[in-house]
Amino acid sequence: MSGKTLYDKLWQDHVVHTEDDGSCLIYIDRHLVHEVTSPQAFDGLRLAGRKPWNVARNLAVADHNVPTNYRDQGIADPISRLQVETLDKNCAEFGITEFGMNDIRQGIVHVIGPEQGATLPGMTVVCGDSHTSTHGASGALAFGIGTSEVEHTLATQCLVQKKAKNLLISVDGEVGKGVTAKDIVLSIIGTIGTAGGNGFTIEFGGSAIRALSMEGRMTVCNMAIEAGARAGLVAVDETTIDYYRNRPLSPKGDDLILAERAWQNLHSDEDAVFDKVINLDATKIKPQVTWGTSPELVVSVDANVPNPADETDAVKAQSMQRALDYMGLQAGQKITDIQIDKVFIGSCTNSRIEDLRAAAVVVEGKKVAPNVKLALIVPGSGLIKQQAESEGLDKIFIDAGFEWRDAGCSMCLAMNADRLEEGERCASTSNRNFEGRQGYGGRTHLVSPAMAAAAGIAGHFVDVSHWLEK
Amino acid sequence: MRAFTTLTSIVAPLDRANVDTDAIIPKQFLKSIRRTGFGVYLFDEWRYLDQGQPDMDCTNRPINNDFVLNKSQYKSAQILLTRENFGCGSSREHAPWALEDYGFRAIIAPSFADIFYNNCFKNGLLPIALDAEIVDGLFKELNDDYALTIDLVTQTISTPSGKTIAFDVDENRKFRLLNGLDDIGLTLQHADKIHAYETERAKRAPWLFREVSI
């Protein structure tokens, strides 16, 4: 019998019951809750007279609607305010721990989970948010769910699931200067498409993935969903184990010894068989820039905007043309000729300390270009903000003309006041370039933090690897 | 949840691939703490010419007459025919809520994003994945009063030309949808097994079962 994949192991470890049709009742170790996808779930519990199965397995934080400045004044938008207050009320009523808006530990749910050790290797982690895949970076089985499943998790600590297939994406070789985890994952999505991972759990492996920090691995797993997979995984190694020593909720003492022994086994066996394997050469990956309205519409920064006329598939050509029209771009235009109006560095993809450091290196001693109306830095959590300030990064950004904000989802999806106006073009470190995502009529180009920072300084896209070589 | 058994309806064609949940229901409407009332904002940025806001009265908003759902012949459509990877992106269940609230009961496409597919079954919506060639055939056959009959019991679709197309659906999901069953109630029938699992797991991974205060 062949060995098991990491996903096989995690799955097997959490099966409570198997139905005749193969669907399983899976135990959930950690449930993260935020304000947008939970109010209807709590209402459901109340209507049915149910209580949470185990309140201690839930951790809540408001992140999508929170303002990133003047927080002491509260939330101006009454509808946003009601949603955040509803989370506060629900958590108080049901006894769930919540980091309030002004708690230093508040931040984006997928940033604070690993930061607090609330999500650990070997766990099953769910949240009513598709970017829950982020937590797979620690060797946890983590995936996004809808509100009905939020309610189901609250009430039963379990979910009914069908096992997905195994996909290994192996990225080997050493990346060049200025090429980051974001460029690796955008390049993967460009290769396999946004539906390429549908029905699969993706394990990211290979030397280029193993060389990434935990922050980088989180960036890669975060965008597994943009490749169509609900869950992404990276095997546990010393990088993982080092990261989880001394987190507030990490196991301590004898527990830590036991846990580390168990975590050592969280990798695919050498003879494991994957349903599909894709190999990528890391040395060929250049800094990436999306040009369209789907993350798969991506090219290297030194390329030109593609021409729909070169596409043989009629449905694809049509959607490329629609994307060009929406984005206000011409086929054949050089990516480096695209001028931007705003910069957004933040989101659950790229708002961790390493991301801020990478951006700071690029902007230090320079100024934001005059055509850039707004350049935002939104740290992923209050603790990251504090860390960055202790390193003097805030000063570097402010001196260069960036705005230094409080933690939240912010302009990734513009549910708070941070957004693009109609027709505005943004270099963004977030994860989705869908129509209207960052604001009605807004145009999003997904890039790494270093690339966003460089675009902010130059006023248009530039190949940051050239800057870093100097 | 409303049960789904059979449905005969006009079919609305949405000829786009990778329709994401941000397009199905834009983020500003996610600020609602209710589960209903999203139908009028379904495909808001495509359907109207102005910018939609939560709690907006939509009766006098400028309509995009080019958008397929605004064409009079599709007003009563309960079946949506679309292209691959429908429902990609955000996990928001507001997307199936909006589709259901608008009046759709079934969606036919070559493929669906996993989370969206799963969410549909929790809301009485039937997502049907068919081979891309078959979907393409339906797009070609489609005319103004084109109606399909979907039978979940026999897992078949009947076309006006008399063809019968079979589709796949998990037994478990089919059973729940046919009976309009509450998933939580069914899961709680296994409460003893969940307790037993916790007891056994606490021995293997005691660090996950400590009382920790944060």
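Is Ile26(A) buried or exposed? In this predicted model, Ile26(A) turns out to be buried, because its relative accessible area comes to just 1%, and anything under 20% counts as buried. The residue sits in strand E2 of chain A, which runs over residues 24–27.

Who are the neighbours of Ile26(A)? Leaving aside residues up to four places away in sequence, Ile26(A) touches Trp11(A), His14(A) and Val15(A), then Thr124(A), and finally Gln157(A), Cys158(A), Leu159(A) and Gln161(A). Thr336(A), on the other hand, lies 310 residues from Ile26(A) along the chain, and the C-alpha atoms of this pair are separated by 48 Å.

Turning to empty space inside the model, a search of the whole structure brings up three cavities of 30 Å³ or more. The largest cavity has a volume of about 210 Å³. Its lining is made up of 24 residues, and those nearest the centre are His64(A), Asp129(A), His131(A), Leu413(A) and Arg437(A).

Then there are the pockets. The second largest pocket has a volume of about 730 Å³, and 35 residues line it. Both chains show up around the middle of this pocket: Glu296(A) and Ser319(A) from chain A, along with Ala17(B), Asn18(B) and Glu84(B) from chain B, lie nearest its centre. As for helices, H6 (181–192) and H11 (314–327) of chain A, plus H5 (132–141) of chain B, each put at least two residues into the lining of the second largest pocket. H11(A) gives the most, with six residues.

Chain B is worth a look in its own right. It has 214 residues, and 58% of them are buried. Its secondary structure adds up to eight helices and seven strands, and its C-alpha trace spans about 65 × 45 × 25 Å along the principal axes. Take the contacts in chain B between residues at least 6 apart in sequence: 63% of these join residues at least 24 apart.

On the outside, chain B exposes about 8,800 Å², with carbon and sulfur atoms supplying 49% of that area. As for charge, chain B carries 24 positive and 30 negative charges, and the mean positions of the two sets are 4 Å apart.

Technical notes. Residues are numbered from 1 along each chain as its sequence is written. Chains are lettered from A and ligands numbered from 1 in the order in which they are written. This is a predicted model: local features need pLDDT of at least 70, side-chain atom pairs count only at pLDDT 80 or more; totals for chains, interfaces and linings use all residues. Side-chain values use heavy atoms; hydrogens and water are left out. Helices (H or I, at least four residues) and strands (E, at least two) are DSSP runs, numbered from the N terminus. Buried means under 20% relative accessible area, exposed over 50%, partly exposed in between (1.4 Å probe, protein chains only). Contact means heavy atoms within 4.5 Å. Accessible areas come from the Shrake-Rupley method with a 1.4 Å probe; for residues, only the protein chains shown count as cover. Lys and Arg count as positive and Asp and Glu as negative; His and the chain ends are not counted. The place of a charge is taken as NZ of Lys, CZ of Arg, CG of Asp or CD of Glu. On a 1 Å grid over the protein atoms alone, a cavity is a set of points where a 1.4 Å probe fits but cannot get out, and a pocket is an open set with protein on both sides within 12 Å along at least five of seven lines; lining residues have an atom within 4 Å of a point. Grid points are joined across faces, edges and corners, and a volume is the space filled by probe spheres set on the points.
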